[in-house]
Amino acid sequence: MTFPRGRRILAAVLISVLLLTTACTPKTPGRFDQVQQESSRQKSGQAVAKDATQGSKLNKFFPDEGDGYQRVYTQEKKGFSEANLKQGGKVVAQLAISDTTSIPGAAAKFSNSTKKVGGYPAVQLGNTQTSILVGKYQVKVISKDPAFTSADREAWIEKFNLDGLAKLK
């Protein structure tokens, strides 16, 4: 079947116009595009406060090693310091101090606390976390082994230099 030359040209022009219009139309947003934009905007507002304490200054308030336990620092950044508590080479808990200056909502959860650990307001989050608020600092112990109980977490919180931390500005 042969087409006259005019029809072939017309078909080529129509196909070109069709390709051009479909290729240049704006892409409909995918289901993740809006979430990506929101999270990108949020990250810009989540910077650590300028007056947050350096993590290296928080290390001296952690409990000492001993009684078969080993303290291994795992993360240190402005406003936060963290260490693993090991026993027999196994991580049994995570110890952390964070400056709530950058996260004002973190301190709010202690406002209705009726429990105290080491003389400071305490909250228990689930079955694995215990936290206290010492001035502007949150001290947290997280169980990583089921044998490390709530009583163990509270005992380790009391081993932190809480009075020294309270004086830190």
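The following exchange examines how several descriptive terms apply to this predicted model.

Me: What is the overall make-up of the protein in helices and strands?

Reply: The protein contains 6 helices and 7 strands. Read from the N terminus, the elements follow the order α-α-α-β-β-β-α-β-β-β-β-α-α. Of its 169 residues, 32% count as buried. The accessible surface is about 11,100 Å², and 55% of that area belongs to carbon and sulfur atoms.

Me: What makes the strands one open sheet, and in which order do they stand?

Reply: Two strands are taken to pair when at least two bridges are found between them. β1 (residues 69-77) and β2 are joined over 8 bridges in the antiparallel sense, and β2 is joined to β3 (residues 90-99) by 8 bridges, also antiparallel. β4 and β5 (residues 120-125) pair over 3 bridges. The order of the 7 strands is β1-β2-β3-β7-β6-β5-β4, with antiparallel pairing. β1 and β4 (115-117) stand at the edges with a single partner strand each, so one side of each has no neighbour in the sheet. From one strand to the next the twist averages 30°.

Me: Which residues stand opposite one another in these pairings?

Reply: Glu76 faces Ser81 in β2. Lys86 has Val91 in β3 as its bridge partner. Lys115 stands opposite Ala122 in β5.

Me: What is found in the turns of the two hairpins that involve β2?

Reply: In the hairpin of β1 and β2, 2 residues lie between the strands, and Gly79 in the turn has a positive phi of about 85°. The hairpin of β2 and β3 also has 2 residues between its strands, and Gly88 in that turn has a positive phi of about 65°.

Me: Why is strand β2 described as largely enclosed?

Reply: The term buried requires a relative accessible area under 20%. In β2 (residues 80-87), 6 of the 8 residues are buried, and the strand is therefore largely enclosed by the rest of the structure.

Me: How do you know that helix α5 packs on the sheet, and which strands does it touch?

Reply: A contact requires heavy atoms within 4.5 Å. Helix α5 (residues 150-159) touches β1, β2, β4, β5, β6 (129-134) and β7 (137-143), and its direction makes about 30° with that of β6.

Me: Why is the pair of Lys90 and Asp145 called a salt bridge?

Reply: The term applies when a side-chain nitrogen of Lys or Arg lies within 4 Å of a carboxyl oxygen of Asp or Glu. The closest N and O atoms of Lys90 and Asp145 are 2.8 Å apart, and the pair forms a salt bridge. It links distant parts of the chain: Lys90 is in strand β3 and Asp145 in the loop between β7 and α5, 55 residues apart. Lys90 counts as partly exposed because its relative accessibility is 47%, whereas Asp145, at 13%, is buried.

Me: How many salt bridges does the structure hold, and what do Asp99 and Lys115 pair with?

Reply: The structure holds 3 salt bridges. The side chain of Asp99 meets that of Lys136 at 3.2 Å, N to O. Asp99 lies in strand β3 and Lys136 in the loop between β6 and β7, so this pair ties together parts that are 37 residues apart in sequence. Asp99 is buried, with a relative accessible area of 3%, and Lys136 is partly exposed, at 25%. Lys115 and Glu154 meet at 2.4 Å, N to O. This pair joins strand β4, where Lys115 lies, to helix α5, where Glu154 lies, 39 residues apart. Lys115 is partly exposed, at 36% relative accessibility.

Me: What makes the phi of Asp67 worth noting?

Reply: Most residues other than glycine have a negative phi. Asp67 is not a glycine, although its phi is positive, at about 55°. It lies in the loop between α3 (55-58) and β1. The cut-off for exposed is over 50%, and Asp67, at 71% relative accessibility, therefore counts as exposed.

Me: Which residues form the nonpolar patch on the surface, and why is Ile9 called partly exposed?

Reply: Ile9, Val13 and Val17 form the patch, with about 250 Å² of accessible area together. Ile9 lies in helix α1 (residues 5-24). The range for partly exposed lies between the cut-offs of 20% and 50%, and Ile9, at 47% relative accessibility, therefore counts as partly exposed.

Definitions and conventions. Residues are numbered from 1 along each chain as its sequence is written. This is a predicted model: local features need pLDDT of at least 70, side-chain atom pairs count only at pLDDT 80 or more; totals for chains, interfaces and linings use all residues. Side-chain values use heavy atoms; hydrogens and water are left out. Buried means under 20% relative accessible area, exposed over 50%, partly exposed in between (1.4 Å probe, protein chains only). Helices (H or I, at least four residues) and strands (E, at least two) are DSSP runs, numbered from the N terminus. Axes are lines fitted to C-alpha atoms, for helices over the stretch in contact, and angles run from 0 to 180 degrees between N-to-C directions. Patches are made of residues with over 30% relative accessible area and no salt bridge: like charges are joined within 9 Å, nonpolar side chains (Val, Leu, Ile, Met, Phe, Trp, Tyr) within 5 Å. Accessible areas come from the Shrake-Rupley method with a 1.4 Å probe; for residues, only the protein chains shown count as cover.
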